[in-house]
Amino acid sequence: VAAAERLRRCVRPGDVVARLGGDEFAVLLGAAPGPEAVLPVAERMVAEFTQPCAVGERKIPVGLSIGIALLPEHGRDVDDVLGNADLALYESKEGGRGRATLYAPHLGERSRRRAAIEQGLREAVARGEFMLHWQPRVDLDGWRMTGAEALLRWQHPVLGRVGPAEFITVAEQTGTIAEIGAWVLREACRVAATTLPGLTVSVNVSALQLRQGDFVAGVRDALDLSGLPAARLEIELTESIFIDDANDAMAVLRRLQQLGVRIALDDFGTGYSSLAYLRRFPFDTLKIDRAFVRELTSRQDTQAIVAAMTQLATSLGMRVVAEGVERVDELDLVARLGCHEVQGYLVSVPRTETEFGRLRGGWDAGARPHAPALH
């Protein structure tokens, strides 16, 4: 009711404000000459929702995102215009919320691409379209390869290569992440057992996967099918797993550790309560996010933060991996700050199973990059 009243305050007497359902409203502005007349109205609406809403003695924060479509420029009928306004609304939410976006034709292309990705994901595992690439982890003391991270790649039959940053989000939203994640676990364990002897293999797992009731059983099945010792499998998780129900997440992690599986906290330092998680659960590995690594050579405060992270994790018995190392000066700094291992393009780009085998076969522990070699 309060939202409706705020919207009505922003329009003229002849305009229409309607609630479509849930928290979604539609506003019809009559006789507006074009976007130059509509955008100021939208901006007033966004401004109206910057203040919290009073409910009894409580103040509830509210926000507003807006998608705009024009008649007849953006549709032949009401359904077309509402659909295009919805595409613009989705763009507003993706862009950070609290803003208004005018429909443009490229948003329709984006919608069609998403639909193609969504449909393709439902059949990608059965069609054998996924494959794993591998990126090595290297110990800084002896410059020896200690592990490899499994990275998912997808070749869509029509769209070509689709990056994981694009398709993983769709997979999580549509529920196909369960089937895809199970395939990744089985395939990673198979490759580790057959062609990566002696290496620890890391597999990224999303919060949605972890919350599935049969996730631990799926890990056990992947290990049993492949014959891979549990200690050679490392599950990588980000702090997002703790947002909805930290207690349930901790229970699942303890069951995984009871299997003998290693647990890594990925992208450490980017969440809002990292230290609390380190107190509550004995992670085996801490991976420092590449955002910190990129700033090491230019910011003293970042060096201090990474040093503190490394010292804390080491005192708790964890291995520390610096991610995204791309330059020799970054390599030297993370070593000096106490990190145990590195991963990144300086060591190697992600490689296919065959390419990774060749890299490992020709690995030279004495070939650690040094700054003079760049000159």
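Thr 176 sits in the loop between α5 and α6. In this predicted model, the relative accessibility of Thr 176 is 9%, so the residue counts as buried, the limit being under 20%. Apart from neighbours within four places in sequence, Thr 176 is in contact with Leu 121, Arg 122 and Ala 171.

The two helices that flank this loop also take part in a pocket. Both α5 (164–174) and α6 (177–195) are among the elements that give two or more residues to the lining of the second largest pocket. The others are the strands β7 (130–139), β8 (145–156), β10 (200–204), β11 (233–237) and β12 (262–268), together with the helix α7 (207–210). This second largest pocket holds about 950 Å³ of space. Its lining consists of 37 residues, and those nearest the centre are Glu 149, Leu 151, Pro 164, Asn 204 and Asp 266. Divided by class, the lining of the second largest pocket comprises 17 nonpolar, 11 polar and nine charged residues.

Strand β7 and helix α6 lead on to the aromatic residues. A pair of aromatic rings is described by the distance of the centres and the angle of the planes. The count of aromatic pairs in the model comes to six. One of them joins Phe 130 and Trp 183, with 6.1 Å from centre to centre and 40° between the planes, a tilted arrangement. Because Phe 130 belongs to strand β7 and Trp 183 to helix α6, this pair ties together parts that are 53 residues apart in sequence. Phe 130 has a relative accessibility of 7% and therefore counts as buried; Trp 183, at 17%, counts as buried as well. Ring pairs also join Phe 130 and Trp 183 with Trp 154 and Phe 167 in a cluster.

A further pair is made by Trp 143 and Trp 363. The ring centres of Trp 143 and Trp 363 are 6.1 Å apart and the planes stand at 25°; since planes under 30 degrees apart count as stacked, the pair is stacked. Trp 143 is found in the loop between β7 and β8, and Trp 363 in the segment after α14 (353–361), so the pair ties together parts that are 220 residues apart in sequence. Trp 143 is buried at 4% relative accessibility, whereas Trp 363, with a relative accessible area of 24%, is partly exposed.

The path now turns to the beginning of the chain and to the strands β1 and β2. These two strands pair in the antiparallel sense over five bridges, and Val 16 has Leu 28 in β2 as its bridge partner. Together β1 and β2 form a hairpin with two residues between them, and in the turn Gly 22 has a positive phi of about 60°.

Both strands of the hairpin contribute to the largest pocket, whose volume is about 1,400 Å³. Its lining numbers 47 residues, among which Phe 25, Ala 26, Val 27, Ile 66 and Gly 67 are the closest to the centre. Two or more lining residues come from each of α1 (2–9), β1 (16–21), β2 (24–28), α2 (35–48), β3 (53–55), β5 (66–68) and α3 (78–94). Helix α3 provides the largest share, seven residues. In the lining of the largest pocket, 34 residues are nonpolar, six are polar and seven are charged.

Conventions: Residues are numbered from 1 along each chain as its sequence is written. This is a predicted model: local features need pLDDT of at least 70, side-chain atom pairs count only at pLDDT 80 or more; totals for chains, interfaces and linings use all residues. Side-chain values use heavy atoms; hydrogens and water are left out. On a 1 Å grid over the protein atoms alone, a cavity is a set of points where a 1.4 Å probe fits but cannot get out, and a pocket is an open set with protein on both sides within 12 Å along at least five of seven lines; lining residues have an atom within 4 Å of a point. Grid points are joined across faces, edges and corners, and a volume is the space filled by probe spheres set on the points. Helices (H or I, at least four residues) and strands (E, at least two) are DSSP runs, numbered from the N terminus. Ala, Val, Leu, Ile, Met, Phe, Trp, Tyr, Cys and Pro count as nonpolar, Asp, Glu, Lys and Arg as charged, and the others, Gly among them, as polar. Two strands pair if DSSP finds at least two bridges between them. Buried means under 20% relative accessible area, exposed over 50%, partly exposed in between (1.4 Å probe, protein chains only). Contact means heavy atoms within 4.5 Å. Rings of Phe, Tyr and Trp (its six-membered ring) pair if their centres lie within 6.5 Å; planes under 30 degrees apart count as stacked, over 60 as edge-to-face and the rest as tilted.
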